[in-house]
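Reader: I have the sequence and coordinates open and want to go through the geometry step by step. Please keep the answers short and end each on the value or name I ask for.

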Protein chains: 2
Amino acid sequence: MRKKNRLSLAQYKEGILSGDRIILSRAITLVESNLQEDNELSTQLIDELYPSTGNSIRIGITGVPGVGKSTFIEYFGKYLISKGKKIAVLTIDPSSQKSGGSILGDKTRMNELSQDKNAYIRPSATGDALGGIAHRTRESMLLCEAAGYEIIIIETVGVGQSETSVKGMVDFFLLLMLAGAGDELQGIKKGIMEMADAIVITKVDSGNENAARKAKKEYENALHLFPPNENGWLPKVELSSAVDGEGAQEVEKLINSFIKKMKENGFFDHNRSQQAINWMHETVHQYLRKNFYNTPVIKENLPKFEEDVKSGNQHAVKAALELIKKYKA
Amino acid sequence: MRKKNRLSLAQYKEGILSGDRIILSRAITLVESNLQEDNELSTQLIDELYPSTGNSIRIGITGVPGVGKSTFIEYFGKYLISKGKKIAVLTIDPSSQKSGGSILGDKTRMNELSQDKNAYIRPSATGDALGGIAHRTRESMLLCEAAGYEIIIIETVGVGQSETSVKGMVDFFLLLMLAGAGDELQGIKKGIMEMADAIVITKVDSGNENAARKAKKEYENALHLFPPNENGWLPKVELSSAVDGEGAQEVEKLINSFIKKMKENGFFDHNRSQQAINWMHETVHQYLRKNFYNTPVIKENLPKFEEDVKSGNQHAVKAALELIKKYKA
């Protein structure tokens, strides 16, 4: 059935370059496939499209469930479209790994945005490991760029490890928080706040402004306690209310001033080059690990070695060397 | 010359188990050696000593230059010895990688402690990569444990990447800071504060107490803003003055209560098992990477591929796949 659905390389390429959303979707499905021949075709496709990629602003958005991510993205996305932009939203939802279906990808989310011809929304439906998600999301992002989307938003749920991967593929990383510093931080995984280029406090609807302003001050103080970023940027805090239509303009301005500054100080290109190099090496490392752990003799022996090391019966390095010896044999 | 200096496996083993400091030092030199035959011998040695390891409390201590690490460790170490403990201090100083000699290892540091028969101080002299340092420090730590040291302190300078490695080999991670939150954080690498189980404010000498108490409050607030640790521990802040002889008792109590809590909730053993398993896998991964990057065809081709990926001429995944193809051939 997959074979039947597969297009030719030229069909994918032309379709994407002409902005055909259906072909874009089919190409992302190809990227997400576990079939060897699909992988080969998608690598070839991205290779051919590569000169047409890289022209978007890549934004990572995260926040715990309940913070209003899809509401914010719908509001912010519609604002960007009203300013003449084409935007793509890719969502990474680790919960879909367990259920086999994507919770975030529920069709009722971002209802208006998903019907706009200048927006493309795609959940990462995947049953694969986290490394795989990151890999696929990166390639899907490139496909969206080739299809002409100028702003790519990558959304994660803020409770998994996917945020570090996403930080490694975006230009700007945005953390959504609720008013009332402290409690809601409980749900955010360690290290995520440090990765943020900005925090946007959501649901600052009328009547809630005082608490929000207090929270803004608290977050600013907290961010001030972090060491400065390598890129010389001091993270900012903004307020937003999707209900009252407040904040989108400020967030856009903030992102633009970030991008401007990064382009001026050379960090924009430096960061993208570094991300690409890291991606190359990470792909190599993933291959090496996969190759090792999928070798029958390793598969067979690993559980016992892990048990011995875990229980303290065996020195970790000795165990590793023995596994390597078996692998080489 | 090295050959002449090498002892037999039995000599190393007996010497270490009987607490012979000179043989311990020679065994650590063996662990630090780059020679293949030394590595084989040291792996064998650690394998034989392994049942005698693991009985210490492993403490990581970090802080920027000028915070008074050696002064604190000397003061704290002498206090622990006065309570009947045997302590070992292993220092990791990335600066020694450049100079070829260890700056931290300067003999004038921890003068009194280094002359105490219940203390063993050893700088990591190494010209090797960071992964190597961590690997060697871990093995040196095991040797110290087998030699009967009950508290192992691993000191790092707080500005490199070695802290993450150290966090992965200790039970308790202590960050030293100066009074006056904010400015001195500038020197601390991102993420280190989040790893701390406790912060000790150093140099709280007479006349300085008010600033220190204010700083304590500020750090407590900052730590409160971090998400809680997996182990259920809320990081604490203590004050210390080596000059006035204040704080050692409180820090010891704090560490003891941490260890007690971790042993009760099972995290102590869980953490150690996890560290050992990670060490095994990390050793495998290091081997795989080394093997790959040392292959002549990769060495020869990598710079061009990196250049192409960096400049955007080549898709990272395509480049990785081509490198892998060359490697397999």
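Reader: At what angle do helix α15 of chain A and helix α13 of chain B pack?

Author: This is a predicted model, so the values are computed from its coordinates. Two packed helices are described by the angle between their axes and the distance between the axes. Here α15 of chain A covers residues 316-328 and α13 of chain B covers residues 267-293, with the axes 8 Å apart. The packing angle is about 40°.

Reader: Which word describes how α15(A) and α13(B) are oriented to each other?

Author: Angles under 35 degrees would count as roughly parallel, and 65 to 115 as roughly perpendicular. The angle of about 40° falls in neither range. The two helices are therefore oblique.

Reader: What is the handedness of the crossing of α15(A) and α13(B)?

Author: The angle of about 40° and the axis distance of 8 Å leave the handedness to be stated separately. The crossing of α15(A) and α13(B) is right-handed.

Reader: How many nonpolar residues does the contact of α15(A) with α13(B) have?

Author: On the α15(A) side the contact residues include A:L323, A:I324 and A:K328. On the α13(B) side they include B:W279, B:M280 and B:T283. By class, one residue of the contact is polar, one is charged, and the nonpolar ones number 13.

Reader: Which kind of axis relates chain A to chain B?

Author: Chain A superposes on chain B with an RMSD of 0.1 Å. The operation is a rotation of 180° with 0.0 Å of shift along its axis. That is therefore the relation of a two-fold axis.

Reader: What percentage of the contact residues of chain A recur in chain B?

Author: Both copies use the same surface for the contact. The share of chain A contact residues that recur in chain B is 100%.

Reader: Which residues of chain B does A:H285 touch?

Author: A:H285 lies in helix α13 of chain A. A:H285 is buried, because its relative accessible area of 14% is under 20%. Not counting residues up to four places away in sequence, A:H285 touches B:R289 and B:Y293.

Reader: Where in chain A is A:A88 found, and what is its relative accessible area?

Author: A:A88 is found in strand β2, residues 87-92. Beyond its neighbours within four places in sequence, the contacts of A:A88 include A:Y120, A:C144 and A:I152. A:A88 is buried, with a relative accessible area of 0%.

Methods
Residues are numbered from 1 along each chain as its sequence is written. Chains are lettered from A and ligands numbered from 1 in the order in which they are written. This is a predicted model: local features need pLDDT of at least 70, side-chain atom pairs count only at pLDDT 80 or more; totals for chains, interfaces and linings use all residues. Side-chain values use heavy atoms; hydrogens and water are left out. Copies are superposed by least squares on the C-alpha atoms of residues with pLDDT of at least 70 in both. Contact means heavy atoms within 4.5 Å. Axes are lines fitted to C-alpha atoms, for helices over the stretch in contact, and angles run from 0 to 180 degrees between N-to-C directions. Helices (H or I, at least four residues) and strands (E, at least two) are DSSP runs, numbered from the N terminus. Angles under 35 degrees count as roughly parallel, over 145 as roughly antiparallel, 65 to 115 as roughly perpendicular and the rest as oblique. A crossing is left-handed if the near helix is turned anticlockwise from the far one by less than a right angle, and right-handed if clockwise. Ala, Val, Leu, Ile, Met, Phe, Trp, Tyr, Cys and Pro count as nonpolar, Asp, Glu, Lys and Arg as charged, and the others, Gly among them, as polar. Buried means under 20% relative accessible area, exposed over 50%, partly exposed in between (1.4 Å probe, protein chains only).
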